[in-house]
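Here's a quick look at a ligand and the pocket around it. Have the sequence and the model open as you read.

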Amino acid sequence: MNSLDSICVFCGSSEGNDTNIISEAFLLGEKLARKNITLVYGAAKIGIMGHVARGVMEHKGKVIGVIPEFLKRKELIHHGLSELITTHNMHERKMKMHELSDGFITLPGGFGTLEELFEIITWSQLGLHQKPIGLLNIGGFYDHLLGLLENMVRRGFLKMENYELLLVDDDIDRLLEKMKAFKPVQVPKWLKLDRT
Ligand code: AMP
């Protein structure tokens, strides 16, 4: 079993228009706090990001915000973060979030969210880390994306074992259980040899 002391959450900087997504985001925060899992996220108080953080803080959990200098606007930073880390740029931010986290969960979001998810899963595919990556598919939000990934497998662009790096569930507790039980796939030898 993997120990999950900290989880990085990728999600929208907008809050969307589905109250179920908003309440699930808050509930994820609440559950992280109750399970003593530190939230690592993008530091903002806006959007779905803000709801996850509020869920943790209102249940006395620990929250680490990581933000690049150019996005750091006082009015958008969540008050009451346990720690705020400022990075020089987006790349450094992602590295920092990765360093601080034992696993990753993606909630609904837009381009930024997808970019973060796919970068972290690509790092896993390349054997650069072996941390569990979860997708909380609230109300089928990501069904079409999952359909696209299945198509990539069918058409020979994505290996089934790499597709399976993405742990999917619509229930927070079940997703966390899958993340704890996650066993990394063997990375091809040639990738291991070439890595610097
Ligand atoms: P999107 O899914 O396009 O809304 O992008 C979500 C991601 O954008 C977040 O996870 C953050 O990395 C980043 N982001 C966008 N706006 C902000 C902001 N004001 N403060 C912090 N991060 C932000």
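## Who surrounds the ligand

The shell around the ligand is made of eight nonpolar, seven polar and two charged residues (Ala, Val, Leu, Ile, Met, Phe, Trp, Tyr, Cys and Pro count as nonpolar, Asp, Glu, Lys and Arg as charged, and the others, Gly among them, as polar). There are 17 residues around the ligand, and S13, R93, G110, T113 and E116 come nearest (a residue counts if one of its heavy atoms lies within 4 Å). Helix α4, residues 111-125, gives the most to this shell, with four residues (helices are DSSP runs of H or I, at least four residues, and strands are E runs of at least two, numbered from the N terminus).

This is a predicted model, so local features need pLDDT of at least 70 and side-chain atom pairs pLDDT 80 or more, while totals for chains, interfaces and linings use all residues. Residues are numbered from 1 along each chain as its sequence is written, and side-chain values use heavy atoms, leaving out hydrogens and water.

## Backbone contacts

Which backbone atoms meet ligand oxygens? A polar backbone atom of G112 lies 2.9 Å from one, F111 has a backbone N or O atom 3.5 Å from one, and C11 has a polar backbone atom 3.5 Å from one (polar contacts here are pairs of N or O atoms within 3.5 Å). On its own the ligand exposes 490 Å², and the protein buries 85% of that (Shrake-Rupley method, 1.4 Å probe).

## The pocketThe ligand sits in the largest pocket (more than half of its atoms lie within 2 Å of the grid points; a pocket is an open set of points on a 1 Å grid where a 1.4 Å probe fits, with protein on both sides within 12 Å along at least five of seven lines).

Definitions and conventions
A polar contact is a pair of N or O atoms within 3.5 Å; within protein, one must be able to donate a hydrogen and the other to accept it, and residues adjacent in sequence count only if both atoms are side-chain atoms. On a 1 Å grid over the protein atoms alone, a cavity is a set of points where a 1.4 Å probe fits but cannot get out, and a pocket is an open set with protein on both sides within 12 Å along at least five of seven lines; lining residues have an atom within 4 Å of a point.
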